[in-house]
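This report goes through selected local features of one chain, from polar contacts to packing. The sequence and the coordinates come first.

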Amino acid sequence: MHYVGAVDDHPGDNCQYPGPRGWAGTKRINVLDAIKNVTGILAEWSGVDEHDNNGRTLLSPTAPRRATSSRVGGQKIPLTARPAGPREEEAFKFLVHFIGRDRGGNGDKVCFEHRQGNLHSVWDTGLLTRLIRTVPFQYSRPLPDRGDLPIPSRQIELALRHAIYDPFIRRVMWEGIESKWINDIDAWLSCPAIPTTPAPESVQSESVLSVISRAFNNPLTLPRALVNVLAPRERVDIIPDGPLVCPYAWSAPLHELNCQYIWPPVLNVTTVEPEVGDSPEDSDLTRPVCSRFPILDTPAYVAALDENLVLEKLVAQGGLRLAGVLNWLFAAEEA
């Protein structure tokens, strides 16, 4: 359920989402269908239907509907605010995800900040933890109030959870949502007028001879191309997007990040020489020396991410979409 893959998707040399041969994997076991399935279960419980919403969108103003109590085992349990705990912090990190090759990057070993892991874990937690740790000092204080802000600073401060990531949230709000991306938010929370169905096209199988001929231009692609021809991956269908919840339409632009940032040339590095003086006796056991895998905490990899606020934007998009869906499910429209 953690990722979705297309048959021909192999960033950064070939980005397909899903491409002419469609999706790979097991039917209904992917992140796109999981989002729609879980949302459908909650919508049924809540008594709402995205296909019968009277023109409502995720941008519609809402008022609390089920925010006061919940029933668990027949008992009425009040829902009150509480400090952020490990689950909330982990859920926050989970917002930053990408979709691509090798089980969403789980199969690509890399090093980040002297720790060996995989590419998925770097984007799950490593890069975001680095940003939280290095956020500029001014965001450790409450945001200033200005009359022209679309969201009053006081409202933002009241929503913070006194958690380690509060300064990062302030930066995302101040530099992004209330400034750089203010004109993009409507599009982030909208779905295409005609729900998208990522259906594959009808294509003919490629011959082994044509694969070998094409591989002369890029020999590194030959092994994988032969596997696709001789042992093609199963093709599965994806549930179509809906009018309010459309994870395929929302994720399609994000998939472009795979070729733009996530699988850059640095991942072609196979060997990194250890620094002078590094030895088993000298190494800190909690920070193992990386000697065989690509190192990603370098200016060549992270500078463009920082300059373009790539992760900050992903967090903003994921947070606003999650909030919009939860408001639709559990809040009533304002009169």
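## Polar contacts of Asp241

A polar contact is a pair of N or O atoms within 3.5 Å; within protein, one of the two must be able to donate a hydrogen and the other to accept it. The model is predicted. In it, the side chain of Asp241 reaches the backbone nitrogen of Ala249 at 2.9 Å. The backbone nitrogen of Tyr248 lies 3.2 Å from a polar atom of the Asp241 side chain.

Asp241 is found in the loop between strand E8 (235-236) and helix H10 (247-262). Is Asp241 buried or exposed? Its relative accessible area is 4%, and because the cut-off for buried is under 20%, Asp241 counts as buried.

## The hairpin of E6 and E7

Strand E6 (residues 109-112) and strand E7 (residues 115-118) run antiparallel and are joined by four bridges. One of the pairings puts Val110 opposite Gly117, its bridge partner in E7.

Two residues lie between the strands of this hairpin, and Glu113 takes a positive phi near 50° there. His114 lies in the loop between E6 and E7 and has a positive phi of about 70° although it is not a glycine. With a relative accessible area of 42%, His114 is partly exposed.

## Helix H4

Helix H4 covers residues 119-134, 16 residues in total. From its first C-alpha to its last it reaches 21 Å, close to the 22 Å expected at 1.5 Å a residue. H4 also bends by about 30° at Thr125. At the N-terminal end, Asn118 acts as the cap: one of its side-chain oxygens lies 3.0 Å from the backbone nitrogen of His120.

The buried residues of H4 include Leu119, His120, Val122, Trp123 and Asp124. Further along the helix, Gly126, Leu127, Leu128, Arg130, Leu131 and Ile132 are buried as well. The list thus holds charged residues, among them Asp124 and Arg130, beside nonpolar ones such as Leu127 and Ile132.

## Disulfides

The structure holds two disulfides. One joins Cys15 to Cys259, with an S to S distance of 1.8 Å. The torsion about this S-S bond is about 110°, so the disulfide of Cys15 and Cys259 is right-handed. Cys15 lies in the loop between strand E1 (5-6) and strand E2 (23-24) and Cys259 in helix H10, so the pair ties together parts that are 244 residues apart in sequence. Cys15 is partly exposed at 30% relative accessible area, and Cys259 is partly exposed at 31%.

The other disulfide is formed by Cys191 and Cys246, whose sulfur atoms are 2.1 Å apart. What is the handedness of the disulfide of Cys191 and Cys246? The torsion about the S-S bond is about -95°, so this disulfide is left-handed. Cys191 sits in the loop between helix H7 (185-188) and helix H8 (208-215), and Cys246 in the loop between E8 and H10; the pair links distant parts of the chain, 55 residues apart. Both Cys191 and Cys246 are buried.

## Nonpolar cores

In soluble globular proteins, nonpolar side chains tend to be buried together. Here the largest nonpolar core has 49 residues, of which Trp123, Leu127, Tyr301, Leu305 and Trp328 touch the most other members. Two or more residues come from each of E6, H4, helix H6 (166-180), H7, H10, helix H11 (299-307) and helix H12 (310-330). H12 gives the largest share of this core, eight residues. Another core, of nine residues, lies apart from it and includes Tyr17, Trp23, Val31 and Val236.

Trp123 and Leu127, both among the members that touch the most others, are also among the buried residues of H4.

## Backbone features in two loops

Tyr17 of the nine-residue core is joined to Pro18 by a cis peptide bond, with omega of about 5°. Pro18 is found in the loop between E1 and E2.

In the loop between H11 and H12 lies Leu309. Its phi is near 50°, a positive value in a residue other than glycine. At 9% relative accessibility, Leu309 counts as buried.

How values were computed: Residues are numbered from 1 along each chain as its sequence is written. This is a predicted model: local features need pLDDT of at least 70, side-chain atom pairs count only at pLDDT 80 or more; totals for chains, interfaces and linings use all residues. Side-chain values use heavy atoms; hydrogens and water are left out. Two strands pair if DSSP finds at least two bridges between them. Buried means under 20% relative accessible area, exposed over 50%, partly exposed in between (1.4 Å probe, protein chains only). The expected span of a helix is 1.5 Å times one less than its number of residues. The bend at a residue is the angle between axes fitted to the seven residues ending there and the seven starting there. A disulfide is a pair of cysteine sulfur atoms within 2.5 Å. A nonpolar core is a set of buried Ala, Val, Leu, Ile, Met, Phe, Trp, Tyr and Cys residues joined through side-chain atoms within 4.5 Å.
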